[in-house]
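The exercises below ask the reader to work through helix packing, domain contacts and a chain interface, each followed by a solution in steps. Please keep the sequence and the structure in view while working.

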Amino acid sequence: MIAEKTIEQLNSVGVVETQYFSFDEITLESGEKLGPVTVAYETYGELNRNKSNAILVTHALSGDAHAAGVHTGQNNPGWWDSMIGPGKAFNTNRYFVICANVLGGCKGTTGPSSRDPKTGRPYALEFPLITIGDMVECQKRLIDYLGIDSLLAVAGGSMGGMQVLSWLAKYPEKVRSALPIATAARHSPQQIAFDEVGRQAIMADPYWNFGNYYGGALPAKGLAVARMIGHITYMSDVSMADKFGRQRKNNGQPFKFIDYFEVESYLRYRGNSFVRRFDANSYLYLTKAMDNFDVSQERPLHDVLNGIDAKVLVIAFKSDWLYPAYQSKEIARACKLSGIEATYCEIDSTYGHDAFLLEFEQETHLVSHFLKKVFFEYEVTGSYDV
Amino acid sequence: MTYENIRIDHRVVLEMVEPRSTVLDLGCGTGELLYILIKEKNIRGQGIEIDDHAIYKCVAKGLNVFHGDIDSGLSEYNNKSVDYVILNQSLQQVKHVDSVLSDALRVGKNVIVGFPNFAYYKSRLQIFFRGRTPVTGAMPYQWHETPNLHFLSIFDFASYCRLKKINIRKSVYLNEKGTVSLLPNLFAQTGIYLISS
């Protein structure tokens with residue numbers, strides 16, 4: 001295990017730097033205009049001469065453009081470092097990998113905490129409601145700017161998976177393959193409900209102040225509670241039992257509501273550390289974008305996918321109860337019905353929704369073989385020794 | 001082209017399938033048959049398989065597979081939308097044979113079914129003389145570990161087809177050495193049928 005870890009670090013893309021790209025204006029799906037827009041992004045590997053090896057990786061709710069490698073002077077690797085690098089699933093010796101922070105985010109791309117050019121102050125709630133499709137539109141501008149005509153693949157989990165589906169629906173001719181992971185074509189009432197509780201926690205914090213907290217005290221308690229709820233839904237009964245059991249942190253009496261159990265202490269820690277790196281208003285806007293997302297706009301999903309020439313790999317995880325496998329199966333079934341070449345796999349994992357970031361061995365196997373087939377345009381792979 | 005490296009039942013299926021057709025393999029296992037069909041017959045293939053490890057092997061071969069059980073795998077397909085639906089060594093393992101077969105015949109213009117013959121003479125001898133549940137090459141499992149839910153003979157399948165008015169277009173009977181033409185219900189370990197509705 002230790003040896004494997006070392007190899008993993010050796011296969012890092014190394015020191016990387018976030019880059020920025022700006023454009024004047026975007027017309028949102030709502031019809032509203034927003035501008036100027038800055039997109040923070042990172043790239044790993046080299047774009048080949050005929051620009052056929054570009055892969056867009058899309059991030060989840062709390063992710064950012066920093067998907068792999070490390071930033072100068074820091075040692076926390078990107079959010080999908082186990083999957084992106086030389087010899088890894090998204091093999092940077094072969095592919096050019098791009099990851100951009102989403103519109104509405106708070107990690108370099110324009111969002112509610114950015115400066116509104118009209119007032120000179122942060123947008124706060126003046127920021128328009130954005131959609132998953134608007135995020136994709138910004139990524140499309142970035143791809144154009146990088147001179148890439150078509151993507152070898154778009155891949156992402158959770159909210160990232162929604163962007164993958166939106167790419168398929170909006171720009172099918174630009175996508176040679178799609179990898180929606182642990183995601184849904186639309187949120188179920190249960191998923192909307194959890195998001196709403198998170199939003200209510202933020203808005204109930206007096207420091208939230210209708211979104212106007214920039215430059216003052218942050219709605220830290222509210223955002224921390226929202227993150228705690230999130231973390232509960234990302235894990236599973238089994239993974240929590242494995243990680244914490246009923247272990248106690250303090251030996252004192254379970255009195256006066258201190259963080260008595262390990263699990264309580266973990267959630268408090270996760271909640272509090274999230275506040276330092278995430279903007280509460282972004283949390284509101286992004287969760288709303290997820291809740292409003294419906295890739296087929298109430299039409300049957302296979303109608304939207306009809307005639308698309310991309311290959312699709314759908315991955316779900318057994319213990320994921322936030323994005324249950326039936327939602328991924330629905331995506332796979334729609335591919336089947338619309339004649340898209342698709343593979344569906346349900347990875348046996350106890351990690352819950354978090355599995356898409358943790359089960360990298362199985363994911364690596366599936367993703368690397370799938371990408372190889374698409375990249376080399378193989379009918380089938382492997383030798384004839386059956 | 002010689003197919004000496006290819007499993008004998010796969011060779012029989014290979015000969016039943018027209019080039020450049022579409023194939024749905026229900027219970028495709030590690031994908032060997034689909035792989036051969038794509039290589040040799042240029043078919044467009046899709047597999048359905050329940051076992052995790054088998055799925056990983058299919059993906060490594062570059063096949064399109066769905067992780068799921070056969071019993072619920074057919075409902076979304078339109079009538080006659082696939083040239084061949086294959087149930088090779090998997091029919092005896094599905095829960096509801098009747099509904100799976102009739103759905104396969106609805107979806108597929110042709111259906112290929114391969115199953116172990118329970119009335120193979122060695123099985124009969126094991127039951128008759130040893131009083132034991134038979135374990136043979138085509139049915140290599142002990143009673144407590146077998147994935148097979150149904151035990152049928154070549155006669156059983158033929159009479160089932162008569163009853164359901166299923167059209168048997170071709171039938172091939174196999175033992176370990178090759179095809180069997182004499183008294184197949186006694187001497188064949190495996191029956192492979194090309195049928196249609």
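**Exercise 1.** Determine which residues of α4(A) and α8(A) meet, and describe how the two helices are arranged.

*Solution.* In this predicted model, the residues A:Ile192, A:Asp195, A:Gly198, A:Arg199 and A:Ile202 of α4(A) meet A:Ala280, A:Tyr283, A:Leu284, A:Thr287, A:Met290 and A:Asp291 of α8(A). Sorted by class, this contact comprises six nonpolar, two polar and three charged residues. The next step is the geometry: the axes of α4(A) and α8(A), the latter spanning residues 280–292, lie 10 Å apart, and the helices pack at an angle of about 160°. Angles over 145 degrees count as roughly antiparallel, and α4(A) and α8(A) are therefore roughly antiparallel to each other. The handedness completes the description, the crossing of α4(A) and α8(A) being left-handed.

**Exercise 2.** Classify the crossing of α5(A) and α7(A) by angle and by hand, and list the residues that make the contact.

*Solution.* Begin with the axes of α5(A) (residues 220–234) and α7(A) (residues 262–277), which come within 8 Å and cross at roughly 125°. This angle falls outside the ranges for roughly parallel (under 35 degrees), roughly perpendicular (65 to 115) and roughly antiparallel (over 145), and α5(A) and α7(A) are therefore oblique to each other. Their crossing is right-handed. From α5(A), the contact draws on A:Ala220, A:Leu223, A:Ala224, A:Val225, A:Arg227, A:Met228 and A:His231, while α7(A) supplies A:Leu267, A:Arg270, A:Gly271, A:Asn272, A:Phe274 and A:Val275. By class, the contact of α5(A) with α7(A) holds eight nonpolar, three polar and two charged residues.

**Exercise 3.** Establish whether A:Ala182 is buried or exposed, and place the residue in its surroundings.

*Solution.* First locate A:Ala182, which sits in the loop between β10 (177–181) and α4 (189–204) of chain A. A residue is buried if 20 or more other C-beta atoms lie within 10 Å of its own; A:Ala182 has 30 C-beta neighbours inside 10 Å and so counts as buried. Setting aside neighbours within four places in sequence, the contacts of A:Ala182 include A:Gly157, A:Ser158 and A:Gly161, as well as A:Ile315, A:Phe317, A:Tyr323 and A:His353.

**Exercise 4.** Describe how chain A is divided into domains and which classes of residue domain 1 presents to domain 2.

*Solution.* Chain A is divided into domain 1, covering 2–185 + 295–376, and domain 2, covering 193–287. The centres of these two domains, taken over C-alpha atoms, are separated by 26 Å. Their contact takes 21 residues from domain 1 of chain A and 17 residues from domain 2 of chain A. On the side of domain 1 that touches domain 2, eleven residues are nonpolar, nine are polar and one is charged.

**Exercise 5.** Work out what chain B contributes to its contact with chain A, and what covers the buried residues of α3(B).

*Solution.* The contact takes 20 residues from chain B and 23 residues from chain A. On the chain B side, the elements giving two or more residues are α2 (32–41), α3 (52–60) and β3 (65–67). By class, that side has eleven nonpolar, four polar and five charged residues. Turning to α3(B), its buried residues are B:Ile55, B:Lys57, B:Cys58, B:Val59 and B:Ala60. Their cover includes β12 (342–347) and α12 (360–376) of chain A together with β2 (44–49) and β3 of chain B. Just after α3(B), B:Gly62 adopts a positive phi of about 80°.

Definitions and conventions:
Residues are numbered from 1 along each chain as its sequence is written. Chains are lettered from A and ligands numbered from 1 in the order in which they are written. This is a predicted model: local features need pLDDT of at least 70, side-chain atom pairs count only at pLDDT 80 or more; totals for chains, interfaces and linings use all residues. Two residues are in contact if their C-beta atoms, placed from the backbone, lie within 7 Å. Helices (H or I, at least four residues) and strands (E, at least two) are DSSP runs, numbered from the N terminus. Ala, Val, Leu, Ile, Met, Phe, Trp, Tyr, Cys and Pro count as nonpolar, Asp, Glu, Lys and Arg as charged, and the others, Gly among them, as polar. Axes are lines fitted to C-alpha atoms, for helices over the stretch in contact, and angles run from 0 to 180 degrees between N-to-C directions. A crossing is left-handed if the near helix is turned anticlockwise from the far one by less than a right angle, and right-handed if clockwise. A residue is buried if 20 or more other C-beta atoms lie within 10 Å of its own, exposed if 12 or fewer, and partly exposed in between; C-beta atoms are placed from the backbone. Domain bounds come from an automatic or database domain assignment.
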